[in-house]
Amino acid sequence: MDRWRGLNTTSVFKRTTFVMVVLGFLAFAVLIGKLFQVQVIAYEEYQQKAVSQQTRNEILTPSRGTIYDRNGNAMALSATVETICISPHDIQEMEKKNDTEETHETAKLVASGLSALLDVSYDTIYEKTQKTGSYYEYVKKRVESDVADQVRLFIQENKLSGEIFLVEDTKRYYPYGSTGSQILGFVGTDNTGLYGIEYTYEETLQGTPGRIIAAKNAKGTDMPFEYEQYYDAEDGDSVVLTIDSVVQGYLEKALESAKENAGASSAVGIVMDVNSAEILGMASEPNFDPNEPLVIQDGDINEGLSMLSGEEYDAAVSAVRQDMWGNAVVSDTYEPGSVFKIITAAMALEESVTSLYDNSFNCFGAKSVTIYDRTIGCWHDTGHGPNQTFIEGVMNSCNPVFIDLGQRLGGSTFFKYFQAFGFTQKTGITLPGEGGGSSALYHDESYLNSIPISLATSTFGQTFNITPLQMITAVSACVNGGTLYEPHIVKQIVGADGTVKESFDPVAVRQVITEKTSEDLCFALEKVVSEGTGSNAYVKGFKVGGKTGTTVITSTNETDNKQYISSFLAFAPADDPEIAVLILVKQPTSETHSGNMLAAPYAAEVIENTLNYLGVSPEYTEEEFLSLDVTTPDFTGMTMEEVELKAQEMSLSYRVVGDGDFVTDQMPVIGAVVPRSAEMVIYMGGNKPSHQVGVPNITGMTLGGIRRLLKDSNLYIRAVGNTSEESLVLSSGQDIEPQTFVEAGTVVTVTFIRDTSNEDIE
């Protein structure tokens, strides 16, 4: 038995040893497998966790570059603000230290305190405090300094310096509000550019973020300063635009008035330097304030939206925002209508198929031209008659003249110039969403040659679509001596240290027409304003050239409720062009759709303001000089001899009431703005009438009739607009509402336009 017992013991020992070895091997294999999985397969995951536990990685936001106008005025800039953060891990550690972990008193304190200061819900902040594995949770980004100071006070009073902390950040501001909004665009919540220059030049403006990497000990608190690494943020570069904020303001004011007065859905405009294609102003109305890009500012639109609800409301709001954020000058296409006659005229003069005084054109009204089975007429029902000259055809915006020119040119030549003026490709401007240039938008050479009616209608700007930017760029080439330039809106890129990194000079694409053709065309187009269908673009002291346009929106052409686009393109001075202005008024609800009525007066307004601002010297006729505005001086206390000298110096006329030795009163009041031709009343030893008078309704009256009516009421008139032919112009508005009572001697500003409501509807 003992022998067998010894054998069993030995065998058991061996088996036990074997089992232990096997188990040890298996355990070691599992350990090796786990180590392989941790160190090789999941290396990056565990490395990130280790780094997260051992370091605090704080992002330093760079300052976004500034967007300047051409004169160095900041139109978009970044200012220092602060982002409020919490450390849920440190909050938990404080609760452990204070033995309040189960009740979460610290978390509740943080959530309630910050909620009251930051206008962030208690529940949102409290939920963040429970992410105890995190050392860094945002509570609110880009807080202004006054609120940040209140947070600091809360931290100090409650000894929460590790649990709540502030990180320096930047916030985008737009000092000019809505001015230039569609050019600038705006930034999103992450400070990334959306729309406009902010989007196109995102990489230039954004800069490079920096970091603070600080080592943490086993308790999760920061190690001493020597264990910290600091990587500076690199601020973004700045962008200098060709835009002039003053000219931009003139344009936007004019568009707002044009839209309102026509009851239009929108108005679009652009101001261009014709000799470089630099854009001085670009806008559409309604616009938005990039400081609050989600807010719809247009009252009429908001009124319409208020009638909707649910998904219909949400869809409508989204559509409105997309429209107001977009840049219609660049992205939207339209049929240019009669404004395009400028281009057809340039082709014809360049190809010598006509000349300025060629009188071989005939127009017999509504049935002037028959092409195969189609009859095309003139907007003028009775026609412009036989033997019309080329200049008269341009002045009259006569369709038959331009159809004739198209037939003389032929489809191939017409398309050659259509390409040369840039209508078959995008302009390449550095703004997002540019439209135009697609072959689906115009007729190609073979189509123009095979379908004569398409060539006929194309000559006066119908049956094809282009962008407003393409239109004004091409016309600028027509009037600047014949050179097509690439339109651009950025002048320079400037580094954070102020050095110019890149400049963008004008780029000449090609010479399209000769200087002689350009000069002849400018001469003809000046006649359009001074004698023809563009009379409401008249500006005192400046020769203005231009062309009207009125087109039916294609999608509404076959319905009873047609919708229109009324436009005017003006340039000045016509004998040495510097700027061009294009105004489009979309879907007007007014009785007239004439471009001369709805767009030309506002193009004239922009032309006058811009040329005066740029220091271009006006040249007045004697009649224009007398109609210029003057600010009335203070005659009070003067003798009769002193009055005579002052009036002579300022070319003022006056009449005297009374026989005293000194002036005791005057009409108009001191500092009133009136035309030089206005007759002042000087009271020598008496006072002007003290009773108030009611302002009459003078809309729709002639200038002479208004003068007589206001004189009888002891009121003065200041006329704005084209009054060169008094019998042909009517008042279209007054700055003081009818039946308003004012003191005697008050000046009423009255706007005049020539009534061409039945002209140029094509």
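This is a short tour of the structure, with a selection to make at each stop. Keep in mind that the model is predicted.

**The whole protein**

Start with everything shown as a cartoon. You are looking at 762 residues, of which 50% count as buried. The fold is made up of 26 helices and 33 strands. Now colour the chain from one end to the other and look at which parts touch. Among contacts between residues at least 6 apart in sequence, 71% join residues at least 24 apart. Switch to a surface view next: the accessible surface comes to about 36,000 Å², and carbon and sulfur atoms account for 50% of that surface.

**Stop 1: a nonpolar patch**

Keep the surface on and select Leu23, Phe25 and Leu26. These residues form a nonpolar patch on the surface, and together they offer about 330 Å² of accessible area. Zoom in on Phe25, which belongs to helix α1 (residues 2-41). Is Phe25 buried or exposed? Its relative accessibility is 56%, so Phe25 counts as exposed, the cut-off being over 50%.

**Stop 2: a buried salt-bridge network**

Hide the surface and show side chains as sticks. The structure holds 22 salt bridges, and a few of them make a good stop. Select Arg64 and Glu198 to begin. They form a salt bridge whose closest N and O atoms are 3.0 Å apart. Follow the chain from one partner to the other: Arg64 sits in the loop between β1 (55-60) and β2 (67-68), while Glu198 is in helix α8 (residues 196-200), so this pair links distant parts of the chain, 134 residues apart. Both Arg64 and Glu198 are buried.

Leave Glu198 selected and add Arg172. What joins the side chains of Glu198 and Arg172? A salt bridge does, at 2.8 Å from N to O. Arg172 lies in strand β5 (residues 164-173), 26 residues from Glu198 in helix α8, and this pair too links distant parts of the chain. Arg172 is buried, as is Glu198. Add Glu202 to complete the view: salt bridges that share partners join Arg64, Arg172, Glu198 and Glu202 into one network.

For another pair, go to Lys527 and Glu531. Here the closest N and O atoms of the salt bridge are 3.2 Å apart. Glu531 is partly exposed, with a relative accessible area of 46%.

**Stop 3: two cis peptide bonds**

Show the backbone as sticks for this stop. Most residues other than glycine have a negative phi, and most peptide bonds are trans. Select Glu285 and Pro286, which are joined by a cis peptide bond with omega of about 10°. Pro286 is in the loop between β12 (279-285) and α11 (299-305). Then move to Ala572 and Pro573. The peptide bond from Ala572 to Pro573 is cis as well, with omega near -15°. You will find Pro573 in the loop between β22 (564-572) and β23 (579-586).

**Stop 4: positive phi in two strands**

With the backbone still visible, select Arg142 in strand β4 (residues 137-143). Arg142 has a positive phi of about 55°, although it is not a glycine. Its relative accessibility of 16% is under 20%, so Arg142 counts as buried. Next choose Asn387, which is found in strand β16 (residues 385-388). Asn387 is not a glycine either, yet it has a positive phi of about 55°. Is Asn387 buried or exposed? At 52% relative accessibility, Asn387 counts as exposed.

**Stop 5: a three-stranded sheet and its helix**

Return to the cartoon and select β25, β28 and β26. They make an open sheet of three strands in the order β25-β28-β26, with mixed pairing. At the edges are β25 (653-657) and β26 (663-667), each pairing on one side only. Turn the view until you look along the sheet: neighbouring strands are turned by 25° against each other on average, direction ignored.

Look next at β26 and β28 (residues 679-684), which run antiparallel and are joined by four bridges. Select Asp665 to see what stands opposite: Tyr683 in β28. Finally, add helix α25 (residues 640-649), which lies across β25, β26 and β28 and runs at about 160° to β25.

Technical notes: Residues are numbered from 1 along each chain as its sequence is written. This is a predicted model: local features need pLDDT of at least 70, side-chain atom pairs count only at pLDDT 80 or more; totals for chains, interfaces and linings use all residues. Side-chain values use heavy atoms; hydrogens and water are left out. Two strands pair if DSSP finds at least two bridges between them. Axes are lines fitted to C-alpha atoms, for helices over the stretch in contact, and angles run from 0 to 180 degrees between N-to-C directions. Contact means heavy atoms within 4.5 Å. Buried means under 20% relative accessible area, exposed over 50%, partly exposed in between (1.4 Å probe, protein chains only). Accessible areas come from the Shrake-Rupley method with a 1.4 Å probe; for residues, only the protein chains shown count as cover. Patches are made of residues with over 30% relative accessible area and no salt bridge: like charges are joined within 9 Å, nonpolar side chains (Val, Leu, Ile, Met, Phe, Trp, Tyr) within 5 Å. A salt bridge is a side-chain nitrogen of Lys or Arg within 4 Å of a carboxyl oxygen of Asp or Glu.
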